[in-house]
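Let's take a walk through a protein model together, one piece at a time. Have the sequence and the 3D view ready, and follow along as each part comes up.

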Amino acid sequence: MKNILISSFNMEVGGVERSLISMLNNFDYQNNHVDLMLYSHTGDFMSLLPNRPNLLPELESYKTFGMSIGQVLMSGNLTIGMARLFAKFKISLNKAPEDCYKQMQYMWKYSLPFLPRLKKEYDAAISYLGPHYFVGDKVNAKTKIAWIHTDYSSVDTSINLDLKMWSKFEYIVAVSQECKISFLKKYSSLENKVIVIENITSPDFIRKMSDHGLDNPMANDRRFKVITVARLSHAKGIDNAVRALRILKDRGYSDIAWYIVGYGGDEDMIRGLIAKNHMEDCFILLGKKTNPYPYMKACDLYVQPSRYEGKAVTVTEAKILGMPILITNYPTAKSQVQHGIDGVITELTIEGIADGIEKLYKDQDLRKMLADNCYKTNYGNSYELDKLYKLLS
């Protein structure tokens, strides 16, 4: 019996968190004892965690990473609060964007000396969500594995800081081949460490959840309904979605409605953009939903308007539900759909999104063919975990 640690941030609603739940539901507990370390026991997905992994108690100092600097200082964690202030000062010297990955790197770098180590020694420790400093520096394990879920060519990072962190890990897991390629363009010296393990999907669970009866505003909406499930963030391109729908309205497509399931820091900006374009009645933010699947199932087309992705969990979920799918041509797009087979890849521009939706709106036969091909495909892939077990052994 091997002792395994898996760490992540929290269980807020998101694609990474859904993929973690799927992995935990399919894990081999006969041969592995799993401790789950969450920095914060918060989020609507906490209730979906399986019982088999042992959820470790919260550690107050790690929970501070979900707080503002002011909240950290008010909570009495003065050393971590001062470390965070110093990290913010260093970022300001570099003139980096406030919300960049680099800020997280500096925040961890200067907070690390004041964070406790875990006392237990593990056969393997898995850091499921970056930055990966906790497992790298504060966990004793014979084998350390870090997961990457994003397109690193599109993320602003301090390469030197990252290389020091990656040196603590024996393996780095990318969720798609394209995700691996984009990572190695920036960190070519790590090629021997990187392997691909795709996000674990649970088709039976997703289909079962999609049948739940909800108060669904789409039930009586007779318009052509588009849906996106995503964070309201720059990476996901929801602002471009608003602009694309404006183009479609200007072309005369008055019966198209676009629904968004999700939440995030760009919500105020997006609401302002909706109001500016007078589309409150047709670009509809549904907010955070623990179970997005009934909403997805009720729509005519799934669209992923992202600027970049590692491998969007929601696209695979839309395929499992047998939906016609349109995604933008972000760098890892070809790992998501086969163009013209189980989805369509369109130009990563506002006009490209509008053109792609217009084409699928007008071509019912194409939509049906894409949906039928998805229905015929088995997207279950729990066998991907065999790759992980080989690393653990």
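Which strands does helix α1 lie across? Helix α1, made of residues 15-25, lies across β1 (2-8), β2 and β5 (140-148). Its direction makes an angle of about 165° with β1. Angles over 145 degrees count as roughly antiparallel, so α1 and β1 are roughly antiparallel. Keep in mind that this is a predicted model.

How many of the eleven residues of α1 are buried? Nine of the eleven are, so the helix is largely enclosed by the rest of the structure. The buried residues are V16, E17, R18, S19, L20, I21, S22, M23 and L24.

**The seven-stranded sheet**

Now turn to the sheet. Seven strands form an open sheet in the order β3-β2-β1-β4-β5-β6-β7, and their pairing is parallel. At the edges are β3 (54-55) and β7 (194-196), each of which pairs on one side only.

Start at the β3 edge. Strand β2, residues 32-38, pairs with β3 in the parallel sense over two bridges, and L36 stands opposite L55 in β3.

At the other end of the order, β5 and strand β6 (residues 171-174) are parallel partners joined by four bridges. Here W147 has V173 in β6 as its bridge partner. Together, β5, helix α7 (residues 159-166) and β6 make a right-handed β-α-β unit. Next, β6 and β7 run parallel and are joined by three bridges. V173 appears again here, with I195 in β7 as its bridge partner. To get from β6 to β7, the chain passes through helix α8 (residues 177-186), and this β-α-β crossover is right-handed.

**Another set of parallel strands**

Further along the chain, strand β11 (residues 301-304) is joined to β12 by three bridges, and the two run parallel. Q304 has I327 in β12 as its bridge partner. The chain goes from β11 to β12 by way of helix α13 (residues 313-320), in a right-handed β-α-β crossover. Strand β12 also runs parallel to strand β13 (residues 344-346), again with three bridges, and T328 stands opposite T346 in β13.

Which way do the residues of β12 point? In this strand, residues 325-328, I325 and I327 point one way while L326 and T328 point the other way, and all are buried. In a regular strand the side chains alternate between the two faces of the sheet.

Here is a small summary of strand pairs.

| Strand pair | Bridges | Facing residues |
|---|---|---|
| β2 and β3 | two | L36 and L55 |
| β5 and β6 | four | W147 and V173 |
| β6 and β7 | three | V173 and I195 |
| β11 and β12 | three | Q304 and I327 |
| β12 and β13 | three | T328 and T346 |

**The nonpolar cores**

In soluble globular proteins, nonpolar side chains tend to be buried together. In this model, the largest nonpolar core has 73 residues, and I6, F134, W147, W166 and F183 have the most contacts inside it. Leaving out residues up to four places away in sequence, F134 touches L5, S7, M37, Y39, Y62, W108, L118 and V139. Apart from this core lies another, of 31 residues, including A244, I270, I274 and C282.

How do helices α10 and α11 cross? The axes of helix α10 (residues 238-250) and helix α11 (residues 267-276) come within 10 Å and cross at roughly 5°. The two helices are therefore roughly parallel to each other. Where they meet, I238, D239, V242 and R243 in α10 face M269, I270, L273 and I274 in α11.

**Two residues to find**

First, look for S127, which sits in strand β4 (residues 121-127). Is S127 buried or exposed? Its relative accessibility is 1%, so S127 counts as buried. Setting aside residues up to four places away in sequence, S127 touches S7, H132, V135, I145, A146, W147 and F169.

Then find L56, in the loop between β3 and α2 (60-63). L56 is buried too, with a relative accessible area of 13%. Beyond its neighbours within four places in sequence, L56 is in contact with L5, D35, L36, M37, H41, L118 and Y122. For a sense of distance, the C-alpha atoms of L56 and R246 are 48 Å apart, and these residues are separated by 190 residues along the chain.

Definitions and conventions
Residues are numbered from 1 along each chain as its sequence is written. This is a predicted model: local features need pLDDT of at least 70, side-chain atom pairs count only at pLDDT 80 or more; totals for chains, interfaces and linings use all residues. Side-chain values use heavy atoms; hydrogens and water are left out. Two strands pair if DSSP finds at least two bridges between them. Contact means heavy atoms within 4.5 Å. Axes are lines fitted to C-alpha atoms, for helices over the stretch in contact, and angles run from 0 to 180 degrees between N-to-C directions. Buried means under 20% relative accessible area, exposed over 50%, partly exposed in between (1.4 Å probe, protein chains only). A crossover is right-handed if, with the strands pointing away from the viewer, the path from the first strand over the helix to the second runs clockwise. A nonpolar core is a set of buried Ala, Val, Leu, Ile, Met, Phe, Trp, Tyr and Cys residues joined through side-chain atoms within 4.5 Å. Angles under 35 degrees count as roughly parallel, over 145 as roughly antiparallel, 65 to 115 as roughly perpendicular and the rest as oblique.
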